[in-house]
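Subject: Structure handover

Hi there,

Here is the structure I promised to pass on to you. Please open it alongside this message, and then read on for what turned up.

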Amino acid sequence: MQNAIMDLPQLGMDPGRTYRLGIMGGTFDPIHNGHLVAAEQAYDDLDLDIVVFMPAGSPAFKQGKRIASGEDRYAMTLLATSDNPHFVASRFEIDREGITYTADTLRMLKDYYPPNVELYFITGADAIAEVVRWYDSASIAENATLVGATRPGYNLDKASAAIDSSGIDFHVIYLEVPALAISSSYLRDRVAKGQSLRYLTPDSVTGYLHKHQLYGAKAGKYGR
Ligand code: NAP
């Protein structure tokens with residue numbers, strides 16, 4: 001965990017101002033341009049100081065499902081975010097033992113940063129719709145504002161109804177992100193069929209997943 005703490009950005013030094021830290025939570029299996037555009041839009045629209053991409057180590061709702069290793073998902077996230085000065089990739093969750101609970105992550109970040117750092121947890125609106133079922137969701141509401149990234153036309157009724165009837169005072173902001181027509185499953189499918197990922201994810205990510213033969217990648221037209 002010490003290494004993971006060391007890759008977190010330093011924030012909160014000036015006690016006279018408030019800092020806004022975006023935490024981009026996801027499985028990122030693999031990361032794609034939809035995630036990158038969503039994070040950039042959150043950075044702009046919510047006036048964030050920095051966005052930390054945090055691949056989930058062992059995602060709570062994906063137990064028993066086949067996903068790429070934390071190291072591979074972290075490596076692709078690092079490659080995808082490396083050219084943006086206000087994006088950081090963190091090992092914070094992949095280095096943690098056991099199931100990755102967002103409540104634990106946010107509590108640890110709250111303890112680590114001074115009180116003038118506000119947390120914004122950004123993820124897909126489909127995931128936010130389930131937040132009332134997450135472990136210790138009351139503490140999530142206390143520690144962070146939730147940001148649900150949606151594709152245009154997404155129906156927010158289910159998420160709103162679940163949150164409104166929870167009796168918990170969640171703060172939720174929704175962001176409409178056209179690029180979220182892209183999804184990780186679409187990319188995995190294309191890789192398995194030997195199709196191009198160009199313009200769907202950075203070329204460095206495509207190179208990595210072919211080199212490491214993830215998602216059924218084969219040598220060929222778009223592989224090595
Ligand atoms: P998911 O159910 O796989 O994703 C639901 C939808 O949201 C998918 O369409 C997904 O698209 C999209 N999405 C996921 N992360 C996104 C992001 N950062 N920005 C924009 N769209 C995103 O969700 P998940 O990846 O398992 O979990 C998302 C986050 O919620 C993770 O940080 C996870 O740890 C947390 N979570 C916590 C708990 C808990 O504490 N109990 C339970 C569930 C989830 P793509 O497939 O294209 O990403």
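Below are the notes on the ligand site, followed by a word on one loop residue.

Please keep in mind that this is a predicted model.

Let's start with where the ligand is. The ligand occupies the largest pocket, and 24 residues surround it. The closest of these are Thr27, His32, His35, Lys62 and Ser184. Sorted by class, the shell around the ligand is made up of 11 nonpolar, 10 polar and 3 charged residues.

Three side chains come with distances to ligand oxygen atoms. For Lys62, a polar side-chain atom is 2.5 Å from an oxygen atom of the ligand. In the side chain of His35, an N or O atom lies 2.7 Å from a ligand oxygen, and for the side chain of His32 the corresponding distance is 2.8 Å. As for cover, the ligand has 860 Å² of accessible area on its own, and the protein covers 87% of that.

Among the strands, β1 (19-26) and β4 (117-124) each contribute at least two residues to the shell around the ligand. The most comes from β4, which gives 4 residues.

Now for the loop between α4 (102-112) and β4, where Asn116 is found. Is Asn116 buried or exposed? Its relative accessible area is 14%, so Asn116 counts as buried, the cut-off being under 20%. A polar atom of the Asn116 side chain also lies 3.1 Å from the backbone oxygen of Arg17.

Happy exploring, and best wishes!

Methods:
Residues numbered from 1 in each chain as written. Predicted model: local features only at pLDDT ≥ 70, side-chain atom pairs only at ≥ 80, totals over all residues. Heavy atoms only, no water. Near = heavy atom within 4 Å. Polar contact = N/O pair within 3.5 Å; in protein donor to acceptor, adjacent residues only side chain to side chain. Areas by Shrake-Rupley, 256 points an atom, 1.4 Å probe, with all protein chains shown as cover. 1 Å grid on protein atoms, 1.4 Å probe; cavity = no way out; pocket = protein on both sides within 12 Å on 5 of 7 lines; lining within 4 Å. Sits in = over half its atoms within 2 Å of the grid points. Nonpolar A, V, L, I, M, F, W, Y, C, P; charged D, E, K, R; others polar. Buried < 20%, exposed > 50% of the residue type's maximum accessible area, 1.4 Å probe, protein only.
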